[in-house]
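User: Could you take me through one small part of this model slowly, and then show me what surrounds it? I am new to reading structures, so please explain the terms as you go.

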Amino acid sequence: MSDRLCTVLLYSDDPKVRDRMRLAVGTRPAPGLEIEFVEASDYAECVRLVDDYEIDLLLLDGEASPGGGIGIARQIKDDRDDAPLTCVVLARAADRWLAAYAEVDATLTHPLDPVTAGTTVAELLRRTYAAA
């Protein structure tokens, strides 16, 4: 059986945060899943990549500036009927209510735990393919 290749868009204005997200999730977060990452450092680039590529999951930095991941998640969900699933990385667990209001599918918190990050991303990606 071959692995299912999934594309995850990493969004943060800080390249170090994108590196930490990539390392926490890994390229094989679960058996049968392989991930390729694409990166965006600003809102316009994020939207362009969602428009131009088959993105399976958005992994967004909630602390990015000037456009935070929660706002981008909400905007993409409002603008597209076929929006990818979204996971936002928050600095404070208390901000989960805001992520829920923005209809985010999952949240993680800084500092990222590799086990939790990989499991969360794998569950979201499996949900994507179960619905297909």
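Analyst: Let's start with E103, which is partly exposed, at a relative accessible area of 46%. Buried means under 20%, exposed over 50%, and partly exposed in between, using a 1.4 Å probe and protein chains only. This is a predicted model, in which local features need pLDDT of at least 70 and side-chain atom pairs count only at pLDDT 80 or more, while totals for chains, interfaces and linings use all residues. Residues are numbered from 1 along each chain as its sequence is written, and side-chain values use heavy atoms, without hydrogens and water.

The backbone at E103 deserves a look too: its phi is positive, about 65°, although E103 is not a glycine. Most residues other than glycine have a negative phi. E103 sits in the loop that links α4 to β5. Such labels come from DSSP runs, numbered from the N terminus: helices are H or I over at least four residues, strands are E over at least two.

Now let's widen the view to the elements around that loop. From β4, the chain passes through helix α4 (residues 96–101) to β5, in a β-α-β crossover that is right-handed. Right-handed means that, with the strands pointing away from the viewer, the path from the first strand over the helix to the second runs clockwise. The two strands, β4 (residues 85–90) and β5 (residues 106–109), pair in the parallel sense through four bridges; two strands count as paired if DSSP finds at least two bridges between them. Within this pair, T107 in β5 is opposite V88.

How much of β4 is buried? Six of its six residues are. L85, C87 and V89 cover one side, T86, V88 and L90 lie on the other, and every one of them is buried. Besides β5, β4 also has β3 as a partner: five bridges join these two parallel strands. One of the matches puts L57 across from L85 in β4. Here again there is a right-handed β-α-β unit, made by β3, α3 and β4.

Strand β3 brings us to D61, which is located in that strand. UniProt, in an unreviewed entry, lists D61 under "modified residue: 4-aspartylphosphate". UniProt positions follow the numbering used here, feature names are shortened, and annotations may be inferred rather than shown by experiment. In this model D61 is buried, with 3% relative accessible area. The record, again an unreviewed entry, also places "domain: Response regulatory" at residues 7–125. That span is 42% helix and 24% strand, and its end C-alpha atoms are 9 Å apart.

Two prolines are worth finding in the loops. P66 lies between β3 (57–61) and α3 (69–79), and the peptide bond joining S65 to P66 is cis, with omega about 5°. P111 lies in the loop between β5 and α5 (114–131), where a cis bond joins H110 and P111, with omega about -10°. Most peptide bonds are trans.

For a contrast with the buried D61, try L23 in helix α1 (residues 15–25). At 69% relative accessibility, L23 counts as exposed. The C-alpha atoms of L23 and R74 are 25 Å apart, with their positions 51 residues apart along the chain.
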